[in-house]
Each structure stands twice: as C-alpha cells, then as structure tokens.
Amino acid sequence: MTSPSPPPVAFVDDDAVLREANAQTLRLAGFEPFLFESAVAALKAIDERFPGVVITDLRMPRIDGMELFRTLRARDPDLPVIMITGHGDIATAVEAMREGAYDFLPKPFASDRLIQSVRRATEKRALVMENRRLRQAAEEAHAPSPLLGDAPAMERLRETLRAVADADVDVMIVGETGTGKELVADQLHHLGRRRSGRLVALNCGALPETVLESELFGHESGAFTGALKKRVGLIEHSSGGTLFLDEIESMPLSAQARLLRVLEQREITPLGSNTARQVDLRVVAAAKSDLGSPAHRGSFREDLFHRLNVVTLRLPPLRERREDVPLLFAVYLDRACRRFQREAPMLTPAMRQHLASHDWPGNVREIVHFAERVALGLAEIDLAASRPAMPSPAGETASLPERLDRYEAELIREALAKHKGDVRTTLETLGIPRKTFYDKLQKYGINRASFEAGDT
C-alpha cells in the first residue's frame, strides 16, 4: 500500500533565506513546501484545486500579501491563508483576519507556532476538499442505472441485469436486509420487454397464511367466510408484467405448493373456482439467505427453490464493497439535502471516521438513514452518544450503569435497523414489553421512524 503524500504548503516570501529556513521546518514536520519568491509566481500556480495551505509575507514588491490574499479568496473562499507580519503591519493583519484570513504570525515567530497553525489549517482544508469530492461524486452519479457502486461485484451485477432483463426467466435475488433487492427487481422489470406491464410486489412475511393465499391466487365470491365479492389475485394481476415476491422464505408451505404448480403450468385457479386461467408470468423472488443451502432453506420446498432458481443474483453487503461507501453517502446526502431543503454540511472528523470504519450491518438503507441525519444536523449528536466516554482526568472510566446504557441503546438501534423500524418484530427480538420499549426510546433519544424505509 502506498503511503499518502505529505500535505502541501505554499510559502510566499521575497526573502530567499526566510523561504529556505521555513521550508526546512515544514519538511521536518511532515509537510511538502512549495516556495514562491513573489505573489505573481504564486498566483500562476495556486487555484481552487490546491489541496493545501498558503503562507504569505505581508510586505512584498508589486503585489503585496494583502492583495494576494484577496485574489486567492476570490478564487476559493475556503483556502486557508496564513499571514506573516512585521510589528508595524499587525493592524493590516487583523483586517485580513476579519476578511477571512486563517491566521497571522507576527515576526519573529517560533517554529512550533508556525507548525501548529499549519496543522490546524491543513485539517480544515482536508475537510473542505473531502466535502467537495463527495459533492462531485454525487453530481456524477446520475448514471443510467440507479444501482450505484464501482466495486467489481456491482459491475458484474449490472452486466447480469442487462443480460437477463429481456429473457423470460424467473430470477432469485439473494441479499441481506438493505442491500437493494427491491431496487434490483425494479430494474429487471423496467429494463426488459415487460416494462409496459405491471410490477406487482408482495412481502410474503407481512401477511398471515390465510390472507396471503387470497392475495396471491385470488378468490371467487363466497369462497370462504367474508369473501363477499370476487377478487383477482396478485399473480393474475401481474400477468404480462412481473411479480416480485420479497422474503419468499417466509411463505407458508401450503402457498408454496400452489405457487409451484402455477410456475410449472403458468395458470392460476382462484380459491373457490374449478376453472384455471392462463397467466403470462415472470416471477422475481428475493430471500435474505441462500435457499440452496439446506441449513438456510429450513421449511422452504427444495423443488420450488430449483424452479425459481433459473438465474440467481447475489447482492454483496456493504462490508464487502467498502470502496463504495463514500459514493453512496455522497449521493444520499445530496438527495437528503434537496429533500429537506438544507445546505450540504461540512463533514466532521467523527463523521469521516464513522464512514471509514463502520461495518454498516443495515447496508445501503443504513447509509441512507445516516445521510439523512447528517443533512438534518443530527449525526454528530448520534455519534457522540454512541462514542465511548473518555477517561476522566483522574483516569476513571464511565460508570458501569453508563456503559450498560450505551450498550442497551446500541442493541435497540441494531434491532430497529434489522426489522426496518417494525415494532412487533423488534419487540420479539429484544424480548421486552411494548411500554418498556417506548420508555427506552425516549430515554436514549432514538427516533424509531428514522429506521422505516422500503428495501433500498
């Protein structure tokens, strides 16, 4: 792995001895100095793309430091400029500070004072450049496919989608919660010849068995108690288009048997009817784990799996394509800022650290929620709440109750992310009463609604 380049520092001064002495100081501190004998030379080399800091003497022939500062500020208001001043120029330096100069160093200044100022300015410049890169990535990401990412796995996924979208084959999508299964199903439908038909979606885990069969296969009037009129099922409703069955591993066995027959015969017999009707059907099924593995298949029928498994698309979790995290965050932050009508905020070091080190168990959906909290100015509060407490001056760590509270809050957030904010399944996972759950949400400042979203 190549080591990062030293941060650049432009040093502008007409005194050659002073330039060389300070260049040595900067090199020893880990910076890369670029020396200019005049403001004219500096202006030819420095523009808004310069990723470093500018240090300039105030008194120079032709163009002085104040004019250089104002010209650079016109090119890039966020470029840090540190002024070097003699005793008689301090009033001018203070004026420059009011206009946005980063700092001023009265002569003679100590080397450590220079390095301290340059280090702070470099950190600020790095944040500015990182935010610009993210905004540029967001602007460039309006590509034909909404499946974002440059990782090899995403390139292969897009190629496979283009290859099979027009083929009348059933497709199995496998991916963890939040990886984008519904988005892939949408692309399969709209990239193929069936795009003029309906895309009909059903979450198989969201309905009880009796309701699910009626929803899928339809029923005749009087087929069962409460069936007051005829209902066309979702399978028939999707004829000519695409039927998307999410969480198909949750489908009851009785419905699995009927679905297998539909897939084999391409015909549907509604509940309470003896007449089969032909359907022009394409099924896209999604599961959270590979149903080809007996360990993961559970009660799911093996013959139904093989009937659906003509083409399998595996969606990688974010932890396997970490290089895509900055791009995804940039895109969803841009969308969130537009939605909430907010200016894009500066990324803090804590936010950048979170993006780089977090495992993202909620995958793309979790990135979307984080970007929304950043846009609303809430992310720093969340990060501070989840950050381990720093030792006290006496070396004491947080108390046991405080550490338990932080751990409990994190478990609640993880359960909400896993179950998309659904209260019932979250309560089942946590094993606590509903009132206790809401009391803890209030105690830890957790907004349950922020975890609600469709499969991203």
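**Strand E8, helix H8 and their surroundings**

Strand E8 pairs with strand E11 (residues 283-287) in the parallel sense, over three bridges. Across this pairing, Leu245 sits opposite Ala285 of E11. The model is a predicted one, so everything here is read from predicted coordinates, with pLDDT of at least 70 required for local features. E8 also pairs with E7, again running parallel, and here five bridges do the joining. One of the partners is easy to pick out: Val200 is matched with Leu243 in E8.

How covered is E8? Mostly covered, as it turns out, with five of its five residues buried. Its side chains split between two directions: Thr242, Phe244 and Asp246 point one way, while Leu243 and Leu245 point the other way, and all are buried. Leu243, the bridge partner of Val200, and Leu245, the residue opposite Ala285, thus belong to the set pointing the other way from Thr242, Phe244 and Asp246.

Turning to helix H8, which spans residues 209-217, the buried positions are Leu212, Glu213, Ser214, Glu215, Leu216 and Phe217. E8 (242-246) is part of what covers them, and the cover also includes strand E7 (199-203), helix H9 (234-237), helix H10 (253-265) and strand E9 (267-268). Right after H8 comes Gly218, with a positive phi of about 80 degrees.

Of these elements, H10 can be described further. H8 packs against H10 at an angle of about 15 degrees, and the two axes lie 10 Å apart. Because angles under 35 degrees count as roughly parallel, H8 is roughly parallel to H10. The crossing of H8 past H10 is left-handed. On the H8 side, the contact is made by Glu209, Leu212, Glu213 and Phe217, and on the H10 side by Ser254, Ala255, Arg258, Leu259 and Val262. Sorted by class, that makes five nonpolar, one polar and three charged residues. Three of the H8 contributors, Leu212, Glu213 and Phe217, also appear among the buried residues of H8.

Finally, there is Arg297, which is found in helix H11 (residues 294-297). Is this arginine buried or exposed? With a relative accessible area of 12%, Arg297 is buried, since the cut-off for that label is under 20%. Setting aside neighbours within four places in sequence, the contacts of Arg297 are with Leu291, Gly292 and Glu302.

How values were computed:
Residues are numbered from 1 along each chain as its sequence is written. Side-chain values use heavy atoms; hydrogens and water are left out. Buried means under 20% relative accessible area, exposed over 50%, partly exposed in between (1.4 Å probe, protein chains only). Helices (H or I, at least four residues) and strands (E, at least two) are DSSP runs, numbered from the N terminus. Contact means heavy atoms within 4.5 Å. Axes are lines fitted to C-alpha atoms, for helices over the stretch in contact, and angles run from 0 to 180 degrees between N-to-C directions. Angles under 35 degrees count as roughly parallel, over 145 as roughly antiparallel, 65 to 115 as roughly perpendicular and the rest as oblique. A crossing is left-handed if the near helix is turned anticlockwise from the far one by less than a right angle, and right-handed if clockwise. Ala, Val, Leu, Ile, Met, Phe, Trp, Tyr, Cys and Pro count as nonpolar, Asp, Glu, Lys and Arg as charged, and the others, Gly among them, as polar. Two strands pair if DSSP finds at least two bridges between them.
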